[in-house]
Protein chains: 2
Amino acid sequence: MDPDVAAIAKLFADHTRATVLATLMSGRAHTAGELANEAGVAPSTMSAHLNQLLAVGAIETVAQGRHRYVRLADPRLADVFEALALAAPAKPVRSLRTFTHGEHLRRARSCYDHLAGQVAVEMADGLFASGAFCDDGDGLNLTDSGGDRLRAVGVDVDAARARAATTRRRFATRCLDWSERTDHLAGALGAAILTAARDHGWVASGPVHRSLAVTPAGEAVFDHLSDVRAGTAAGDAARTVPQVGRPSWAAQDGQAP
Amino acid sequence: MDPDVAAIAKLFADHTRATVLATLMSGRAHTAGELANEAGVAPSTMSAHLNQLLAVGAIETVAQGRHRYVRLADPRLADVFEALALAAPAKPVRSLRTFTHGEHLRRARSCYDHLAGQVAVEMADGLFASGAFCDDGDGLNLTDSGGDRLRAVGVDVDAARARAATTRRRFATRCLDWSERTDHLAGALGAAILTAARDHGWVASGPVHRSLAVTPAGEAVFDHLSDVRAGTAAGDAARTVPQVGRPSWAAQDGQAP
DNA sequence: CGGTCCGTTCGGCGCGCAGCGAAACGTTGC
DNA sequence: GCAACGTTTCGCTGCGCGCCGAACGGACCG
């Protein structure tokens with residue numbers, strides 16, 4: 001009965017898997033090696049555990065070079081974890097040493113032709129959370145309110161859409177940020193935002209290759225775009241955040257004949 | 001780390017234990033045999049599982065005759081279960097066939113010298129939830145507001161307290177109701193309530209032995225006493241509900257030196 | 001005071017699964 | 001190119017533990 005409570009509990013019932021899930025609760029992505037090191041098991045053992053979690057749709061992986069980043073696939077697991085932790089109120093996990101990339105590169109940089117780094121993920125978080133995007137099966141699409149917000153600050157949304165159509169490039173998509181381990185925005189729209197940022201003087205070339213310096217004007221714009229409440233009437237905003245496919249352990253009630 | 005998430009998850013990770021906990025989520029108590037039957041395992045197997053749950057303080061048992069009733073010991077487990085059930089919003093479990101005791105006896109009856117049956121547990125629930133009692137280590141004690149409520153309807157609280165002192169009988173205590181499988185009120189105070197109920201005509205003798213018929217006047221009084229909001233300012237009312245000992249898996253953080 | 005019923009403890013069986021090392025594979029970088 | 005590295009797959013080992021049947025101990029009923 002139910003969406004098999006025991007099956008879900010089993011995911012957390014092993015100490016190694018529990019550590020993995022706890023580490024991923026921050027929302028950041030980690031490599032298999034990091035997780036193996038953190039949990040104190042052999043890489044092969046960790047690989048097996050990740051396969052289990054992957055099989056039931058609890059995590060998703062992003063291949064990137066010779067690394068393979070792993071992250072939570074379903075935010076509801078955070079609720080489960082918090083309930084299992086009982087008294088412990090969502091401790092801020094920071095045991096894992098995050099690489100101290102050069103500060104210049106961490107704050108803001110270009111990634112191919114779009115924006116990356118802290119400001120990029122903060123902006124993307126704010127836009128996602130405020131319902132600026134919806135998920136058509138193949139990438140992201142702007143909602144009306146999201147389009148208005150970007151146009152208002154000077155991003156040429158329509159040019160990006162036209163370019164996406166002619167070059168068959170994705171209009172907008174998530175892209176894993178290698179310093180922040182969280183998604184920023186890529187695709188034709190991401191490129192348009194970086195173009196706007198250069199044209200309007202939000203950013204200037206930084207001291208090292210590909211690094212970007214955020215100007216005071218840019219801080220204001222990025223702050224505005226990162227603000228969740230700046231979106232729609234904020235009612236069912238969170239509901240329009242892109243959804244990944246339903247995990248297999250959420251047994252669909254009312255099976256279609 | 002944590003109050004060992006994996007250890008708590010293990011409790012739910014077995015299908016048999018998950019069924020047990022799901023059955024107990026209603027708050028009612030069940031016998032080991034019932035649970036074994038419900039889960040489809042041998043009594044000996046169920047006994048082992050109950051021992052596990054007992055060892056970590058997840059459940060508590062009440063010996064009564066040759067039955068041994070089992071019930072949840074920590075309400076926080078309900079939160080865990082609900083989170084694990086994910087989408088499923090607290091289904092109203094009613095798979096287990098509750099014995100159809102004679103209706104006369106189920107509604108209201110006397111249990112030794114106090115009141116039992118549906119009206120008794122409803123009244124007790126309401127009084128507990130509205131903060132009428134607090135738990136001194138050995139039984140229950142009335143709070144000021146609780147004493148006022150009972151005196152207001154005509155229960156001789158002070159006589160009960162005097163009798164408890166002279167006879168060394170418990171003033172008030174929980175007593176497991178065998179038809180409702182939930183606590184009602186016993187002790188000197190419980191006896192005083194039954195006395196008041198007879199004296200004021202809230203109940204009359206029923207058709208079968210020990211059964212009681214609730215009069216219209218009695219319905220009004222019991223409804224009033226069952227009403228949670230009729231208690232104190234309802235602020236931290238729930239906090240004064242008697243607490244059982246902390247379960248062993250809730251590792252106390254900040255260990256004293 | 002036996003017969004019955006409920007529940008526990010004990011011994012034993014067998015599966016599930018977490019763990020490791022060795023080897024193979026693809027990627028990156030010199 | 002070749003070497004170094006991260007990751008996966010494979011084969012294997014061992015323990016944990018869920019399950020049962022049989023036997024024992026109280027509690028109720030006649």
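**Close-up 1. Polar side chains at the phosphates of DNA strand C.** In this predicted model, a polar side-chain atom of Gln52(A) lies 2.7 Å from a phosphate oxygen of DNA strand C, a polar contact being a pair of N or O atoms within 3.5 Å. Thr45(A) likewise places a polar side-chain atom 3.0 Å from a phosphate oxygen of this strand, and from the other chain Ser47(B) does so at 3.0 Å.

**Close-up 2. The protein surface around DNA strand C.** DNA strand C has 21 residues around it, and the nearest of them are Ala42(A), His49(A), Gln52(A), Gly33(B) and Asn51(B); a residue is near a strand if one of its heavy atoms lies within 4 Å of it. Sugar or phosphate contributes 73% of the strand C atoms that lie within 4 Å of the protein, and bases contribute the rest. Helix 2 (15-24) and helix 4 of chain A, along with helix 3 (32-39), helix 4 and strand 3 (67-72) of chain B, each give at least two residues to this surface, where helices (H or I, at least four residues) and strands (E, at least two) are DSSP runs numbered from the N terminus.

**Close-up 3. The protein surface around DNA strand D.** Among the 21 residues that surround DNA strand D, the closest are Gly33(A), Ala42(B), Thr45(B), His49(B) and Gln52(B). Of the atoms of DNA strand D within 4 Å of the protein, 70% belong to sugar and phosphate. Polar side-chain atoms of Thr16(B) and Thr45(B) each lie 3.0 Å from a phosphate oxygen of DNA strand D, and one of Ser47(A) lies 3.1 Å from such an oxygen.

**Close-up 4. The loop that holds Gly206(A).** Gly206(A) sits in the loop between strand 10 (203-205) and strand 11 (212-214) of chain A. Gly206(A) is partly exposed, with a relative accessible area of 21%, on a scale where buried means under 20%, exposed over 50% and partly exposed in between (1.4 Å probe, protein chains only). Leaving aside residues up to four places away in sequence, Gly206(A) touches Ser211(A), Leu212(A) and Ala213(A), contact meaning heavy atoms within 4.5 Å. The C-alpha atom of Gly206(A) is 8.8 Å from that of Ala108(A), although the two residues are 98 apart along the chain.

**Notes to all views.** Residues are numbered from 1 along each chain as its sequence is written, and chains are lettered from A in the order in which they are written. Local features need pLDDT of at least 70 and side-chain atom pairs count only at pLDDT 80 or more, whereas totals for chains, interfaces and linings use all residues; side-chain values use heavy atoms, without hydrogens and water.

Key. A polar contact is a pair of N or O atoms within 3.5 Å; within protein, one must be able to donate a hydrogen and the other to accept it, and residues adjacent in sequence count only if both atoms are side-chain atoms.
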